Amino acid sequence: MLTATIRRTPILGKMFDVDESTGLSDINTWPAMMIMTSFVWLIVAILLGALMPVIQMAELDANLFYSAITLHGAALAFPFLFQFMMGISLHRSGGCMGKSASGKLTTLIYLCMNGGAVLLTLAVLGGLKITYTVMYPLPLVGAQMGAWSMNMVVLGFTGIALVLTSIIFLYPLQIIRMSFFGKQREELLLSARTLKDPGMLGMVMSVMILLVTGTPLMIVAGALLLALYGIVPLEAIAWASEPVVFQYVFYIFAHNLMEAMAIMVISAVYATLPLYLADGTRKLYSDKLANLALWILLVTSVTSFFHHFYTTNPGLPSALAYHGNFMSWATGVGAALSTFTILATIWKHGIKPEPGLMAILAGFVVYILDGVNAMVAGNIAVSYQVHGTLWVGGHAMSVLIAMCLMWMGVLYHHYPVITGKKLDKKLGSRFVTLYFIGAVGLLYSFAAGGAMGMPRRFADWDAGPDGWMMVGIAILIFGLFLIAGFVTYMQNFMRSRSIS
Amino acid sequence: MLDFLYQTGWGAFTLMLLFQIPFLLVFPYIVYRKCFVNPKPGNTNPRKMTRLETVWIVSAIALFVIVNLYSISYMPMSRTAATEKTAAVIQDVDVTARSWSYEISNRQFEVGKPVRFSVKSVDTMHGFTVYHPNGKILFNMMLIPGLEKPSSLVYTFTEPGKYKVRCLEYCGIAHHGMQDELTVVKSDG
Ligand code: HEM
Ligand SMILES: [Cu+2]
């Protein structure tokens, strides 16, 4: 039935028509459905991204800008990228563990993610403009000031809670279930992996991070939601409605969400790179070093979130600020190790110039460039210069764009197994080139804006020196490159031909 | 030089390039070599590789440590502490932020006289960012409502002029209009 739904979907259905002849439906159909749905969000949200600079140049309404940024950020981070990642990694887990990736839990993951995102979208269209970081207590203050209605706050929070349930509880539970429980089904096992394998270790690590760092946020958000519904009085949850409490549990989660997604994709890179080695050895330079890099990323990421609060000093005690500074840079040691492992692997075995692998490596380059951008901002002295500017907005966006490119490369690799169709090399290379130019251009444009003191989430680029609008123009141009990259990627799926 | 690196946005940009450029030289080069020029297995004498690995990691760590150690004296908390120790008087300024304006106890300052800004928000998250007349950010504060201690630091203006204040934490539909101005005059003493 699901396969039929996919097939009937206009345009996108053709790209993700699952090959049922292989008997792999249990690890293919739901992932295909998720990936396809994530593309719907992508198409809408990326156009909103291009709309933002246009709004500024044409001096359109500020309200439109704030609605666009809220939807653009929220849709691209969650129902697009996170869902895209879930689709691919459920397929990967299924194929590596020989377990079904379907079932009630997967259905629920899908419904919560997309249902929640739809509710949030409706709330934004209804006036709620809170950006994807919520900026609590802004939703309540804005309602008091009459900027939007309390109903929209309730609707939006319900949506966010559903999305978070999907990310923090349901998806991790599914991955844990597949990794540790249930019987292996031989026929689903495509390439067996154990948890010692860096390609699998990262997956399990990252869902643990989501579960552990997300639960406090779920508790606070859940309490707020109960109060919003009128089930408990607001006074009864005063401990949760405190802005400081919300901000801390929020960033403990939000920062680690990004790290978890990064660990997950780096581990997917570790799994995919060996498949493209020129000498066919299918081995990383060193599994141990790869695993060590993942462990360092895991340990250092957890408490580096303090960097979000440097500029509240002395609200954030200096000691914790120093700690955050140290941990933020220590993540860089993990990245340096990953870089070494990848380069040594390539050096030792050589690689084949396949578009999928090129996408992964180009994505890794953007990821490292962005990591440096983030580390620099993670220095306390620098943070007092760039916090709240486009620099950090650009970092948030670039890390997502980088991970997206790596996942697109990984999907490129899995696509023939899922659909039974093969992709065109030329289109593949064109996609990588366009996307890479767009991604790197956006990264430096945003950083330059930050260097000029251009605020993020700021609907008046005209208010500053001329340089601000020039940055806006650069964002539009490189954004169009990125969009052209996505279009080429999809075009390749549209034109893919049956392998047989 | 260090002033530039740690106290300006373009300095941050330069720091970023400092780390990115070596990476950009090494990574694409090796990929290009082993992908298009000669994909034959490279020489990986285990001894040599271990040495290379050590050099790579140690130099990364050393650079990380140096960049951060040098930054310590530029961190506003250490600057504030240093000024508090040496300055005879520090002028206190209280700022209250609310959507979408600031209440500032004093908007005029003298060159060379340290000022302690203590900034609070009374409704939602706001920012308090002071811009030099030339457009560069001098410092940045984030204000979480309900925090017992106001965000605070000591700053000494060095040039007369009109200094723009902007809110850099998104605070709703008129966020971009949330601004103010400080005036710095030549000291008369
Ligand atoms: C995979 C693609 C993309 C992802 C994942 C992504 C993600 C994001 C995120 C998370 C934000 C932060 C939103 C916020 O601060 O509330 C953002 C902001 C923004 N994005 Fe994108 N984005 C993508 C593509 C694009 C493209 C193609 C453009 C332009 C043509 C664009 C333009 C912008 C602009 C102008 C901002 C607002 C900056 C600001 O004022 O803070 N984005 N993006
Ligand atoms: Cu404000």
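**Two chains and an iron site**

In this predicted model, 20 residue pairs are found in polar contact across the interface of chain B and chain A, with both residues of each pair at pLDDT 80 or more. The count of salt bridges between chain B and chain A, by contrast, is zero. The points below take up the interface first and then the iron atom of ligand 1.

**The interface of chain B and chain A**

- Chain A gives 89 residues to the contact, while chain B gives 74 residues.
- The two chains, B and A, bury about 6900 Å² between them, and 74% of this area lies on carbon and sulfur atoms.
- On the side of chain B that touches chain A, the elements giving two or more residues are the helices α1 (2-7), α2 (9-37), α3 (46-71) and α4 (76-86), together with the strands β6 (137-143) and β7 (151-156), all of chain B.
- Of these elements, α2(B) supplies the largest share of that side, namely 19 residues.
- Sorted by class, the side of chain B that touches chain A holds 48 nonpolar residues, 19 polar residues and seven charged residues.

**The iron atom of ligand 1**

- The iron atom of ligand 1 has as its protein donors the NE2 atom of His72(A) and the SD atom of Met397(A), which lie 2.0 to 2.2 Å from the iron.
- The site of this iron atom is octahedral, with six donor atoms and angles of 81 to 179° among them.
- Because His72(A) lies in helix α4 (residues 62-97) of chain A and Met397(A) lies in helix α15 (residues 390-419) of chain A, the pair ties together parts that are 325 residues apart in sequence.

Methods: Residues numbered from 1 in each chain as written. Chains lettered and ligands numbered in written order. Predicted model: local features only at pLDDT ≥ 70, side-chain atom pairs only at ≥ 80, totals over all residues. Heavy atoms only, no water. Contact = heavy atoms within 4.5 Å. Buried area = accessible area lost by both parts, 1.4 Å probe. Salt bridge = Lys/Arg side-chain N within 4 Å of Asp/Glu carboxyl O. Polar contact = N/O pair within 3.5 Å; in protein donor to acceptor, adjacent residues only side chain to side chain. Helix = DSSP H or I, 4+ residues; strand = E, 2+ residues; numbered from the N terminus. Nonpolar A, V, L, I, M, F, W, Y, C, P; charged D, E, K, R; others polar. Donors = N, O, S within 2.8 Å, 3.2 Å for Na, K, Ca; no water. Tetrahedral: all angles 85-135°; square planar, octahedral: opposite > 155°, others 65-115°.
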